[in-house]
Amino acid sequence: MRRVMGIETEYGVVVPGDPAANPMLASGDVVTAYAASRGIRPARASWDYADEAPLRDARGFDMGRGDAHPSQLTDTEDPTLANVVLTNGARLYVDHAHPEYSSPEVTTPRAAVRWDRAGELVMREAVTRLATVPPGVNLYKNNTDGKGASYGTHENYLMARSTPFASVVKHLTPFFVARQVMCGSGRVGIGVDSRTPGYQIAQRSDFFEVEVGLETTLKRPIINTRDEPHAVADRYRRLHVIIGDANHADVANLLKMGSTSLVLAMIEADAVGADLSVRRPVATLHEISHDPSLQTKLELVDGRRMTAVELLWEYHDRAAAFAEERSGGQPDPDTAEVLHWWSTVLDRLGRDPMEARREVDWVAKLAVLEGYRERDGLAWSDPRLKAVDLQWSDVRADRGLAHRLAANGRLEVLVDDADVRAAVTTPPSDTRAWFRGACLARFSEAVVAASWDSVIFEVPGQRMLQRVPMLEPLRGTEAAVGQIVREAPDAAALLRALATAGTDAD
Ligand code: ATP
Ligand code: MG
Ligand code: MG
């Protein structure tokens with residue numbers, strides 16, 4: 001049950017000391033320094049057509065259709081507009097004053113975890129090794145500054161356009177209300193500004209105010225309706241999920257992507273079964289997050305009352321039966337792995353939440369915090385606990401508590417460090433990210449811009465820029481175009497070979 005998916009992560013940025021230093025500029029420095037260190041030139045900033053407005057983004061990441069004249073591209077000096085594509089097919093840019101890594105498109109939850117962690121190595125490299133990032137600037141893979149600001153970790157799932165969106169809303173809302181107990185990253189403080197002392201399950205939950213909506217930074221909705229497919233629009237939707245936390249625990253990260261993808265598969269097949277809608281979803285989302293004992297009961301529209309763990313068992317059992325039936329009794333290994341961890345984690349959470357400390361971020365973090373609380377007799381209002389919370393998500397290997405726990409064998413690790421390191425420069429082979437990344441690696445001098453659905457070349461001797469469209473996420477794979485890309489001596493030859501082969505990489 002493969003599905004095209006990707007994770008975007010905005011990193012928290014801390015700029016100590018110098019009041020003149022600002023996080024926006026520091027974020028720009030992170031992106032430009034990293035790009036420079038890898039010899040990647042920033043995508044040019046504005047992409048204007050005389051007769052066609054840019055499709056989406058004034059910064060030019062998403063471009064219009066057709067070829068264009070080079071004079072229509074303008075370079076920018078402003079580091080806060082920094083925006084590059086890496087050789088692994090990811091996008092690295094500044095969003096809302098945060099450096100953001102948007103993973104390349106992958107097709108399995110395990111690959112999503114791998115390329116998400118690669119993003120963390122990118123950020124770590126920038127703050128620990130690059131001289132052009134001011135000393136002291138540091139990055140955190142978390143989702144709130146604890147003072148009222150939140151920044152996102154977004155999941156993206158390719159879906160059939162034909163699936164009624166009402167059905168996505170109906171079946172995904174209760175799932176998202178409950179999902180946090182296995183995927184939340186935990187935080188010290190209750191309320192958006194952490195005003196009330198305490199510990200809660202998810203970083204993001206308090207920031208959600210409505211059930212459905214288009215916004216991502218104000219009045220955040222449980223279900224986000226943003227609809228920019230970056231693909232053939234009448235065939236596909238890119239479901240943009242903004243409610244999740246950034247994960248360090250591989251198992252929680254795998255479950256976040258894998259369980260959601262399975263629920264989506266059931267929704268697409270109209271096979272979820274009986275309605276599991278919950279009453280007061282937004283209020284319940286907050287209540288569940290505020291109760292690490294997991295005893296809080298949510299109330300279904302049909303009158304039943306159950307805990308979040310029990311609701312997730314309902315989804316699990318339906319998904320397991322669905323996967324069995326779909327595969328003739330032999331789910332593929334990736335699906336089997338997701339189902340295995342899904343039931344294992346629910347089992348542990350149901351018996352005693354602390355049993356899931358190797359698999360689930362919020363539990364692992366809580367165990368560490370309880371250690372400090374016991375040792376030093378700290379109340380939840382003690383600022384030292386907030387400091388521990390922040391240090392949990394520090395991207396530096398020697399400082400970040402989650403990294404130290406993983407290195408000491410106290411977190412379940414699903415993807416080897418060596419595979420993660422390789423993913424910093426290698427694209428996934430089985431999506432169009434392969435073509436994008438390979439073009440950046442081999443012909444970067446000729447690539448003037450790249451987006452999710454196209455790569456644009458400037459070839460010597462050609463007056464117009466050449467745009468290679470990639471509107472099918474599952475084309476442009478290594479199997480499809482690997483030989484052509486490898487054998488082409490230069491970009492002009494590549495474009496000729498693609499034309500002859502009758503392929504656009506899509
Ligand atoms: P933001 O929310 O920061 O404004 P965004 O959601 O528009 O940005 P990007 O930051 O550009 O998007 O990241 C897009 C993510 O979606 C990437 O992780 C990418 O791999 C993934 N993606 C791109 N196209 C598709 C698609 N058709 N289906 C599913 N995922 C996709
Ligand atoms: Mg983004
Ligand atoms: Mg997004």
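This report describes the metal site, the ligand 1 site and two helices of a predicted model.

## Basis of the model

In this predicted model, local features need pLDDT of at least 70 and side-chain atom pairs count only at pLDDT 80 or more, while totals for chains, interfaces and linings use all residues. Residues are numbered from 1 along each chain as its sequence is written, chains are lettered from A and ligands numbered from 1 in the order in which they are written, and side-chain values use heavy atoms, with hydrogens and water left out.

## The magnesium site

The magnesium ion (ligand 2) has three protein donors, Glu8 (OE), Tyr93 (OH) and Glu100 (OE), at 2.0 to 2.2 Å. Donors are N, O and S atoms within 2.8 Å of the metal (3.2 Å for Na, K and Ca); water is not among the atoms, so sites may look incomplete. Along the chain, the donors follow the spacing E-x84-Y-x6-E. The arrangement is irregular because the six donor atoms around this ion subtend angles of 63 to 174°. Four donors count as tetrahedral if all angles lie between 85 and 135 degrees; four count as square planar and six as octahedral if opposite donors are over 155 degrees apart and all others between 65 and 115; anything else is irregular.

Glu8 also bridges the magnesium ion (ligand 2) and the magnesium ion (ligand 3), which lie 3.7 Å apart. Glu8 lies in strand E1 (residues 5-10) and Glu100 in strand E7 (residues 98-102), so this pair ties together parts that are 92 residues apart in sequence. Helices (H or I, at least four residues) and strands (E, at least two) are DSSP runs, numbered from the N terminus. Glu8 is buried at 9% relative accessible area, and Glu100 is buried at 1%. Buried means under 20% relative accessible area, exposed over 50%, and partly exposed in between (1.4 Å probe, protein chains only).

## Ligand 1

A polar side-chain atom of Asp95 lies 2.6 Å from an oxygen atom of ligand 1. For Trp452 the corresponding distance is 2.7 Å, and for Glu228 it is 3.4 Å.

## Two helices

Helix H4 (residues 250-268) has 19 residues and reaches 27 Å from its first C-alpha to its last. Of these residues 18 are buried, so H4 is largely enclosed by the rest of the structure. Asp270, which follows H4, has a positive phi near 55°.

Helix H8 (residues 361-376) has 16 residues and reaches 23 Å from its first C-alpha to its last. Its buried residues include Trp362, Val363 and Leu366. Gly377 follows H8 with a positive phi near 60°.

Key. A polar contact is a pair of N or O atoms within 3.5 Å; within protein, one must be able to donate a hydrogen and the other to accept it, and residues adjacent in sequence count only if both atoms are side-chain atoms. The expected span of a helix is 1.5 Å times one less than its number of residues.
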